Amino acid sequence: MAVLAATAMCATVPTITAAHAATPAATVAFTVNGQAPGTAPIPVSGVVDIAATVTPGANNPVQTVQIGLTNSPYSQVETFQPGQCDTSCSVTASFDTSSLLGYAVGGVGTPSTPDGAHTVYVRALSATTPYGYASTAVQVDNHRPTAGALTDEKMVVSATKALTWTVTPNVSATAPAGSTISDVEFEAPGTSLPISHFTKNADGSWTVTVDTSALTGIYNIAAIATDSNGVSSLPLVNRLIADNNGFAVTAPSATQLNTPDWSALQLGISFPGNWASCNESVGSSRVSAPSNVELQVDGKVWQDSPVNPNTFYMTNAAGQCVLPAVGNEGTAAKPLPYGAHTLTWVVTDNHGVQESATESVTVGQALTSNWPTNPILLTAGSPLHLAPTVTSPDGYSTLQSWTITDQNGKMVASGSGSTSPSVTLPTSVTQETGGRLTLTLVSSLGITTQQTVAWETAWQTAVFTHLSASTITSGGWAELTSDVWERVAGTWVKDPGKPGALSYEWSTPGSSNWHLGSTVMITGTGAGATPAGVWVHPGGSACFRASYLETVPASSYGGLNITATGAPVCLTVKP
């Protein structure tokens, strides 16, 4: 009979295939403390002795026997050489369920095996499958006390820099009569905290207070109860979040806001010493999460925004934690007042820790002007004059400087804030031309406004309308003609022969309402004396005029129309 060595083993369960289905498995029989398995769990405490007899299947010698106890560190293995377990072999193992394991250096030991339901199993492995297996339920009862139950999955310390923890331990229901809790020990493995002891309270609870000012980070802590019989409990493990260094808030880098809307701003969040990460969790709870964001303007609360508890810190491209300056995505931001202000953000986390950041900003809007937006058409030789009025929408910004540049970027006019923008440019009399002018305004806040307008010159046109008679008899006809003129390079030229349209309009004498009568398209062969027959009802005297529209070919500055309207001529109709 062999006593197995305490060696951990992770066995892989073989898969039965068709090739091995006929290979018989080993049979296993065993006892626990001399008791054969039955239908009810076998009660055990202290040392558990397991004795097993293994009978290999025909031509399937056993190579390894593993005996283990679930929910414990115990798993013992015996390995056999050929011929040692070809027909039968016996194996024994002993597990001390009352043994203690160290939890923290210098601390009381904790049980290797908790009280409660476990399974003893024996597994016989051979070179082929299947393998032999047998098990039975056992009930371990070493009368262990409990150190209590967790009321919170984490303990947080921050501004107080001291941890206070209260537990309510209990003796085992199977402990000898009169058993009591004699001590509860505080342990924090991996920290500089010393072993401490809870103090018993009148209500049966126990409390310990530990100075955690030297810690920053997340740690395991444990309470271990010992009863009057010297039996220790399993450790009641909790998580300690030492938030002593808090978090740091970085204000938005923008010192100039061109709008009162600050909803797009973001706050930077960091954890000194990297004691936590952006969205680190303990159980189902965040280690550090925002709960409120308050904005102060010049020392007075401007907006206070509770943060949705499900809000996570975002991360930017650099991996830094960021938080919307308004607290939650989509939260409306109360518009900031215009002018220079000191903004202070106060962020409160889910532990009640508050940190702040301050930034001096200037809030303003771009200046505006009535600089024209539609293209400008001038007759050749006419000066181009622009003198826009500048306004300040925020009522705070002032004009600091201005420039006017042409389409080539050449500056044609400039000035300081004390002078209003103005420019006068001559245009050529001898040729049609055009360009673009850009007005640039710079406010006292450094905000730039640019506006651009296109301009173009064309020859001046004129149209003259003629009637063949000024008086006719009812039912008669009068002939209406017109002449088109264009002033080219300072000289008037009749019938310039350019594409356009000649429209005739009529009105009753003394009325300013004109009605379109007919339109004659000019294709470029000259307007000539273009006639149109006119017939007027008896007693229906009327006035007539012609309007000429010349189409300017599109250029890089636009495509504009030149119009001219002739003086009216009137026709009197007699009965």
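## Reading sheets, cores and rings

An open sheet of four strands runs in the order β20-β22-β28-β27, and its pairing is antiparallel. The model is a predicted one.

Student: Let's stay with that sheet for a moment. Which strands are at its edges?

Tutor: Look for strands that pair on one side only: here those are β20 (248-250) and β27 (314-315). β27 pairs with β28 in the antiparallel sense, over two bridges. If you want a residue to click on, Met314 stands opposite Val322 in β28.

Student: Okay, now the cores. Which residues of the largest nonpolar core touch the most other members?

Tutor: A core is a set of buried nonpolar residues joined through side-chain atoms within 4.5 Å. The largest one here has 34 residues, and those touching the most other members are Trp262, Ile269, Phe271, Leu336 and Trp345. At least two residues of this core come from each of β22 (266-270), β25 (290-297), β28 (321-324), β29 (339-349) and β30 (354-363).

Student: Take Leu336, then. What does Leu336 touch?

Tutor: Leaving out residues up to four places away in sequence, Leu336 touches Leu257, Pro260, Trp262, Leu295, Val297, Trp302, Leu343 and Val363. Apart from this core lies another, with 27 residues, including Val44, Leu69, Tyr74 and Val120.

Student: I'd like to try the aromatic rings. How many aromatic pairs does a search of the whole structure find?

Tutor: Six. A pair of rings is described by how far apart the centres are and by the angle of the planes. Try Trp165 and Phe186: their centres are 6.5 Å apart with 90° between the planes, an edge-to-face pair. Trp165 belongs to strand β13 (residues 162-167) and Phe186 to strand β14 (residues 181-187), so this pair ties together parts that are 21 residues apart in sequence.

Student: Are those two rings buried or exposed?

Tutor: The cut-off for buried is under 20% relative accessible area. Trp165 has 4% relative accessibility, so this residue counts as buried. Phe186 is buried too, at 0%. Another pair to check is Phe271 with Trp275: the ring centres are 5.7 Å apart and the planes are at 90°, so that pair is edge-to-face. Both Phe271 and Trp275 are buried.

Student: Which residues do ring pairs link into a cluster?

Tutor: Trp165, Phe186 and Phe198.

Student: And which charged residues should I look for over a ring?

Tutor: Check where the charged end sits relative to the ring centre. Arg286 lies over the face of Phe312, 4.2 Å from the ring centre. For Lys334, the charged end sits over the ring of Trp302 at 3.9 Å from its centre.

Student: What about a polar residue such as Gln76: is Gln76 buried or exposed?

Tutor: Gln76, in strand β6 (residues 75-79), has a relative accessibility of 6%, so it counts as buried. Follow the side chain of Gln76 and you'll find that it reaches the backbone oxygen of Ser94 at 3.2 Å.

Student: One last strand. How many residues of β44 are buried, and which strands pair with β44?

Tutor: Strand β44 (residues 500-507) is mostly covered, with seven of its eight residues buried. β44 pairs with β45 (residues 515-522) in the antiparallel sense over seven bridges, and Glu505 has Leu516 in β45 as its bridge partner. The pairing of β44 with β47 (residues 542-551) is also antiparallel, over eight bridges. There, Trp506 stands opposite Phe544 in β47.

Terms used:
Residues numbered from 1 in each chain as written. Predicted model: local features only at pLDDT ≥ 70, side-chain atom pairs only at ≥ 80, totals over all residues. Heavy atoms only, no water. Buried < 20%, exposed > 50% of the residue type's maximum accessible area, 1.4 Å probe, protein only. Contact = heavy atoms within 4.5 Å. Pairing = 2+ DSSP bridges. Phe/Tyr/Trp six-rings, centres within 6.5 Å; stacked < 30°, edge-to-face > 60°. Lys NZ or Arg CZ within 6 Å of the ring centre and 35° of its normal. Polar contact = N/O pair within 3.5 Å; in protein donor to acceptor, adjacent residues only side chain to side chain.
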